[in-house]
Amino acid sequence: MTSTASPGTSSTARKDFDRDGYIAIQPLFDAEKMKEINAELDRFIGECVPRMSRAEVYYEDINDPDSIKQMMNMNDHDAYFRNLVENGPVRQLAETVLGEAVKPANVEYFNKPPGIGQPTPAHQDGYFFHLTPSSAVTGWLALEEVDHENGCLHYVRGSHKSSGFRPHARSKVLGFSQGMTDFGTPEDKADTVSFPCGGGTLLMHHAKTIHWAGANRSKTRSRRALGFIYFAKSAKNDKAARAAYQAKLDADLKEANKI
Ligand SMILES: O=C(O)CCC(=O)C(=O)O
């Protein structure tokens, strides 16, 4: 069964997060701040994308520059997004739910362009973070109205409590290199919660929380969001393993003419 979630509040954030593996703040940012963030994103695309590598900007259609589906490391390229991940309320929330100081790791852009936006396969982010323990969160900020038609996020409630990771294998979906191979058990289905939400909503999930999203079935609406990744200060980060994984992935995607 898929149910629609009720929003959490910041005062109960830690408790809700520990129980469910995610929280929702609806909204974290008001309409004026969202106008600013969306304008800064447009500026970023015009100014920064031309100097970013192919491995940092993915297109749904490699021949269509208007079909950006994902961007990585936005904080490395631009002071506005660096400040947003390092100093804003998203970081405060990450520290609240993890109960310790965090290291901002990445700002990503997740888009599903109208008509061609692919589904996001079920996965656990920590599978490719290479952290021990896998103590990290992703904040996911809706930049516009998101619903079942354009591809809202779904979480499997409580899935962060499992001891290890579920099995993953290479997925064919650009931007989500690993997908779960055993997703869809009766328990997965019973515990799935969907998050249609308005622009300005912030969802935050644990690195072990199973999540996925549908394709964008709208012919006219995009589905744009930002991801803010934070590692717990106490988690050990195997940078060499992570870099080796990324280098192999980049080489494979290049060979397949996907980037
Ligand atoms: O935006 C999406 O469809 C997926 C985002 C995601 O996997 C994440 O934030 O970890």
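The legends below describe close-up views of a predicted model.

**View 1. Strand β9, residues 153-156, with its two covered faces.** In a regular strand the side chains alternate between the two faces of the sheet. In β9, Leu-153 and Tyr-155 lie on one side, while His-154 and Val-156 lie on the other. The four residues are all buried, so both faces of β9 are covered, a residue counting as buried when 20 or more other C-beta atoms lie within 10 Å of its own.

**View 2. The strands paired with β9 are β12 and β14.** Strand β12 spans residues 192-195 and pairs with β9 in the antiparallel sense over four bridges. Within this pairing, Tyr-155 stands opposite Val-193. Strand β14, residues 211-213, also runs antiparallel to β9 and is joined to β9 by three bridges. Here Leu-153 stands opposite Ala-213.

**View 3. Residues around the ligand.** Ala-213 of β14, the residue opposite Leu-153, belongs to the ligand shell, as does His-211. The other residues around the ligand are Phe-110, Thr-120, Asp-125, Thr-138, Trp-140, Ala-225 and Gly-227. At least two shell residues come from each of β8 (136-142), β14 and β15 (224-232). The shell comprises four nonpolar, four polar and one charged residues.

**View 4. The largest nonpolar core and Tyr-230.** This core has 57 residues. Its largest share, seven residues, is supplied by β15. Tyr-230 is among the residues with the most contacts inside the core, together with Ala-94, Val-97, Ala-136, Val-137, Leu-203 and Met-204. Beyond its neighbours within four places in sequence, Tyr-230 is in contact with Arg-91, Ala-94, Val-102, Lys-103, Pro-104, Ala-105, Ala-136 and Val-137.

Technical notes: Residues numbered from 1 in each chain as written. Predicted model: local features only at pLDDT ≥ 70, side-chain atom pairs only at ≥ 80, totals over all residues. Buried ≥ 20, exposed ≤ 12 C-beta atoms within 10 Å, placed from the backbone. Pairing = 2+ DSSP bridges. Near = placed C-beta within 6 Å. Nonpolar A, V, L, I, M, F, W, Y, C, P; charged D, E, K, R; others polar. Core = buried A, V, L, I, M, F, W, Y, C linked by C-beta atoms within 7 Å. Contact = placed C-beta atoms within 7 Å.
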